[in-house]
Amino acid sequence: MNKVLEKFVESLLKMSSAVTGITVLLIIIFLFKEGLGLFKSSTVEKGYTLVVNTQNPVNRLTAVEIKEIFDSEIENWKDVGGSNEDIRIFRFDEIFTMYSDEELGEDYSLLPQKLGEIIQSDSTIIAFLPLKYVPKNMSGIKELKTDIISTSDFFLGTIWLPTATPSALFGILPLVVGTLLVSFIAIVIAIPFGVGVAIYLSEIASERMRKIMKPAIELLAGIPSVVYGFFGLVVVAPIVQKVGGLTLGETAFTGSLILAIMALPTIITISEDALRNTPKAMRDASYALGANRWQTIYKVVIPYASSGISAAIILGIGRAIGETMAVLMVTGNAAVMPHSLFESVRTIPATIAAELGEAPGGGTHYQSLFLLGCVLFLITLIISIISEKISGRKIIKE
Amino acid sequence: MKKSILTAIVIILTLSGSYAQKIKGSDTVLPLTQEEIEAYKKEKPSASISVTGGGSGVGITALLNGTTDIAQSSRKIKFDEKQKLAEAGKAVKEVIIAYDALSIVVHPSNKVSQLTREQLEKIFTGKITNWKEVGGDDMKIIPYSRETSSGTYEFFKESVLKNKNYMNGILSMPATGGIIQSISQTKGAIGYVGFAYVTDKVKALNVSYNNGKTFIEPTIANAKNKSYPIVRPLYYYYTNLSAEGKSFIDFILTPKGQNVVSKVGYITIK
C-alpha cells in the first residue's frame with residue numbers, strides 16, 4: 001500500500017514539473033509567435049492604403065516621410081522627389097463631410113466612385129483610404145508602394161510612435177536604452193546599500209537588532225509596487241526636481257531611486273543568508289590565525305559568500321528590469337533617447353502595460369508590443385545566464 | 001450531495017449572470033455609469049446591471065464579440081468598427097448620455113491665462129517650446145499627455161491637434177490623477193484633463209478656436225451652451241437591448257438621471 005502511494009506521489013511530482021516546463025515553453029512560443037508577425041507587416045496601417053493621382057511622379061514613400069507629410073512637416077512634393085507643388089492631405093473621414101450617407105448609396109456602394117473622382121481631380125492630393133473603398137479599374141489614380149517593417153527599423157529606430165496614422169513608427173532603441181539605464185543606475189545605488197546592510201546584519205548587529213531589522217526589511221518587499229510609484233511621484237520627484245534644480249521631477253534618476261529601494265529587500269535578504277551560511281569553523285580558523293573581526297569579514301566571510309551575494313545582485317537587477325507600475329508612474333514615459341540621467345525616459349515594461357489595453361488585437365501595434373516582451377525576455381535570459389556562470393565559477397574555486 | 005450543491009451554485013451563478021445587463025468600455029464613462037446604476041437601483045432594487053472599464057475600444061470589441069450588452073464610449077464609433085458590426089449582422093444604435101469637456105491646465109504660477117487652438121497644436125506637436133512665445137515667462141514648456149490607450153488622448157488629438165501626431169517623446173501619464181499631480185509640481189507644465197478633475201492645484205486656461213478673436217472660459221455653463229469648444233459626447237452603443245437595458249438608458253435620460261450626470265461632474269445633454 002505504501003509503495004503504491006509513493007509511486008503515486010512520485011508521478012504527481014513528475015507531472016507538476018512537466019506541466020511547469022511546458023507552460024514556460026508555451027509562453028515563450030506564444031510571445032515569439034505573436035511578435036514576429038510584425039516583420040511581415042506593411043508600414044501603413046493594416047487594411048488601409050495611400051492613393052495619389054497618376055500625374056504625381058512619386059511612387060514610393062518611407063514610413064518617416066509619410067508621418068511627416070501627414071503632420072504637415074513636409075508640405076511640398078519636391079521634398080519627397082515629386083514636382084514643386086504643395087501637398088494636399090485627404091483623410092478618409094473627410095468624405096463624410098462632403099457627401100451625406102444617402103449620396104454615398106446603399107451600403108456605401110458609391111463611395112469608391114466618389115473617392116476616385118476627388119483623387120482624379122487633384123494632382124497634388126495624397127489620400128489615406130481603407131483598402132476596401134479604393135476605387136478599382138479607374139484611370140487617373142494609383143496606389144503608393146510602401147515598405148515592409150524591417151528589423152533595423154525596429155531595433156535601431158529612434159522614434160516610438162505606435163499610434164501614428166497612417167504610418168506608425170516602431171523604433172525601440174529609446175525604450176531599450178531607457179530600461180537599461182534606469183535599471184543600471186538603480187543597481188549601482190542599491191548594491192553598496194544592500195550589501196552594506198547585509199554585512200551589518202549578519203556580522204555586526206546584535207541579535208536583538210537583527211530580530212527587529214530583518215522583518216522590517218522583508219516588509220519592504222511586501223509593499224505593492226503601485227504604492228512605491230505613488231510615493232515616488234508625490235515625494236521623491238519634487239525632491240529630485242528641487243535638489244537638482246530641474247525643470248521637471250519625473251526623470252530616469254527618480255525611477256532609479258525608487259527601483260533601488262524596491263531591489264533592496266531582495267539583495268539584503270539573500271546576501272545576508274549567504275553571509276550567515278559561512279561555516280563557524282571557517283571563522284574560528286580565521287580568528288585562530290590572529291585575524292581580527294574586520295579581517296575575518298573582509299578576507300573570509302565575504303569571499304566565501306561571494307557567489308550568494310552575486311546571485312542576490314542579479315536577482316535585484318531582474319526585479320529592477322521587469323518592474324512596471326512604479327516606473328510607469330515616476331519616469332514621465334517620454335520615448336526619446338536619453339542624453340542624461342535627469343531626463344524623462346520610457347521603459348519596456350511601462351510601454352507594454354500602458355499600451356496593450358487599447359492596441360487592436362493582431363495589429364502591428366499589438367505585435368510590436370509582444371516583440372518588446374521578447375526583447376525584455378532575452379535581456380533577463382542573458383542576465384540569468386551570466387548569474388549562472390558567476391555562481392558556478394566561484395564554487396569551483398572553493 | 002456535495003456535487004449537487006456545487007452544480008446548483010454553478011447554475012444559479014450562470015443564470016443570474018445571464019440576466020444581468022453588462023456594460024463595458026471607456027474609463028471616462030465608468031464613474032458616471034456606476035453612479036447611474038446606484039441611482040437606478042434605488043428606484044428598482046431588483047435590477048441587476050454590471051459595469052466594467054477597459055477603454056472605449058475594448059467596449060466596442062466586446063459588443064462585436066457579444067460579451068457585453070452595452071458599450072460605453074468616450075469617442076464616436078469608428079467607421080471600420082461600424083463596418084465590422086454590420087458584417088456580423090448587427091445594426092448598432094447610439095445614444096448620447098452626457099457631455100464631457102476637456103480643460104487645458106497649467107501650473108498656478110504661470111502668467112499665461114489663454115491660448116488659441118493653433119498655439120495649443122504647436123505646443124503639443126513640439127513647434128513652440130518656450131512660454132515666452134505665447135506671452136509668458138522665459139521658461140521651457142513641458143507638455144504632458146495621456147497614454148495612448150485613453151479615449152481622452154484620441155479626442156484631444158482629433159479636436160486640438162487636428163489629427164496630427166503628438167511630438168516625439170512627449171511625457172505621458174497613465175492616469176488623469178498623475179497629470180494633475182505632475183502639473184501642480186512642475187512650473188513649465190501644460191496638460192489636459194476632464195472638467196471633473198480640475199482642482200485648485202492647477203490653473204485652467206481660456207481657449208480660443210477662432211484664432212484669438214474670443215477666448216472662452218472653461219465653465220460648465222459655457223460647455224453647456226456650446227461656446228466652449230473642447231467638448232465631446234459620451235456614448236452608449238448597443239445592438240439589441242433587453243427591457244431592463246432599455247429602461248436603464250431611459251432612466252439616464254430623465255431629469256433624475258441627468259442630475260447624476262452633473263453630480264459626477266459631466267455636462268447634461270439638455
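In which helix of chain A is A:Phe8 found? Select A:Phe8 and look at the backbone around this residue: A:Phe8 belongs to helix α1, residues 2–36 of chain A. Keep in mind throughout the tour that the model is predicted.

**Stop 1: A:Phe8**

Is A:Phe8 buried or exposed? A residue counts as exposed if 12 or fewer other C-beta atoms lie within 10 Å of its own. A:Phe8 has 10 such atoms within 10 Å, so this residue is exposed. Now add A:Val188 to the selection. A:Phe8 and A:Val188 are 180 residues apart along the chain, and their C-alpha atoms are separated by 49 Å.

**Stop 2: chain A as a whole**

Zoom out until chain A fills the window. Chain A contains 14 helices and 8 strands. Along the principal axes, its C-alpha atoms fill a box of roughly 100 × 70 × 35 Å. The radius of gyration of chain A is 29 Å, whereas a compact globule of 398 residues would have one near 21 Å. Of those 398 residues, 38% count as buried. If you consider contacts between residues at least 6 apart in the sequence of chain A, 72% of them join residues at least 24 apart.

**Stop 3: a sheet in chain A**

Select β1, β3, β4 and β5 of chain A. These 4 strands form an open sheet with mixed pairing, in the order β3-β4-β1-β5. Which strands stand at the edges? They are β3 (88–91) and β5 (141–143) of chain A; each has a single partner strand, so one side of each is left without a neighbour in the sheet. On average, neighbouring strands of this sheet are turned by 25 degrees against each other, direction ignored.

Next, keep β1 (residues 48–53) and β5 of chain A on display. These two strands pair in the antiparallel sense over 3 bridges. Within this pair, A:Asn53 stands opposite A:Ile141 of β5(A).

Add helix α4 of chain A, residues 111–120. Helix α4(A) packs on the sheet and touches β1, β3, β4 (125–130) and β5 of chain A. The direction of this helix makes about 165 degrees with that of β4(A).

**Stop 4: two helices that pack together**

Select residues 173–204 of chain A, which are helix α6, and residues 293–322, which are helix α11. Their axes are 9 Å apart, and the two helices pack at an angle of about 145 degrees. The crossing of α6(A) and α11(A) is right-handed.

Show the side chains where the helices meet. On α6(A), the residues in contact include A:Ala186, A:Ile187, A:Ala190, A:Ile191 and A:Gly194. On α11(A), they include A:Ile309, A:Ile313, A:Gly316 and A:Ile317. Colour the contact by class and you get 13 nonpolar, 4 polar and 1 charged residues.

**Stop 5: chain B and its side towards chain A**

Move to chain B, which has 10 helices and 11 strands. Its C-alpha atoms fill a box of roughly 75 × 40 × 35 Å along the principal axes. Of the 270 residues in chain B, 41% are buried.

Now show both chains. How many residues does each chain give to the contact? Chain B gives 26 residues and chain A gives 33 residues. On the chain B side, the elements that give two or more residues are α3 (56–65), β7 (171–173) and α7 (176–185). The largest share of this side, 4 residues, comes from α7(B). Sorted by class, the side of chain B that touches chain A has 5 nonpolar, 17 polar and 4 charged residues.

**Stop 6: helix α3 of chain B**

Select α3(B). Of its 10 residues, 8 are buried, so this helix is largely enclosed by the rest of the structure. Among the buried ones are B:Val58, B:Ile60 and B:Leu63. The cover over the buried residues of α3(B) includes β1 (21–25), β3 (70–73), α4 (79–87), α6 (151–159) and β11 (231–238) of chain B. After the helix comes B:Gly66, with a positive phi near 75 degrees.

**Stop 7: strand β2 of chain B**

Finish with residues 49–52 of chain B, which make up strand β2. Which side chains point to the buried face? Those of B:Ile49 and B:Val51 do, while B:Ser50 and B:Thr52 point to the other face and are not buried. Add β1(B), which pairs with β2(B) in the parallel sense over 4 bridges. B:Gln21 has B:Ile49 of β2(B) as its bridge partner.

Notes: Residues numbered from 1 in each chain as written. Chains lettered and ligands numbered in written order. Predicted model: local features only at pLDDT ≥ 70, side-chain atom pairs only at ≥ 80, totals over all residues. Pairing = 2+ DSSP bridges. Axes fitted to C-alpha atoms, helices over the stretch in contact; angles between N-to-C directions. Contact = placed C-beta atoms within 7 Å. Buried ≥ 20, exposed ≤ 12 C-beta atoms within 10 Å, placed from the backbone. Rg over C-alpha atoms; globule rule 2.2 N^0.38 Å. Nonpolar A, V, L, I, M, F, W, Y, C, P; charged D, E, K, R; others polar. Left-handed = near helix turned anticlockwise from the far one by under 90°.
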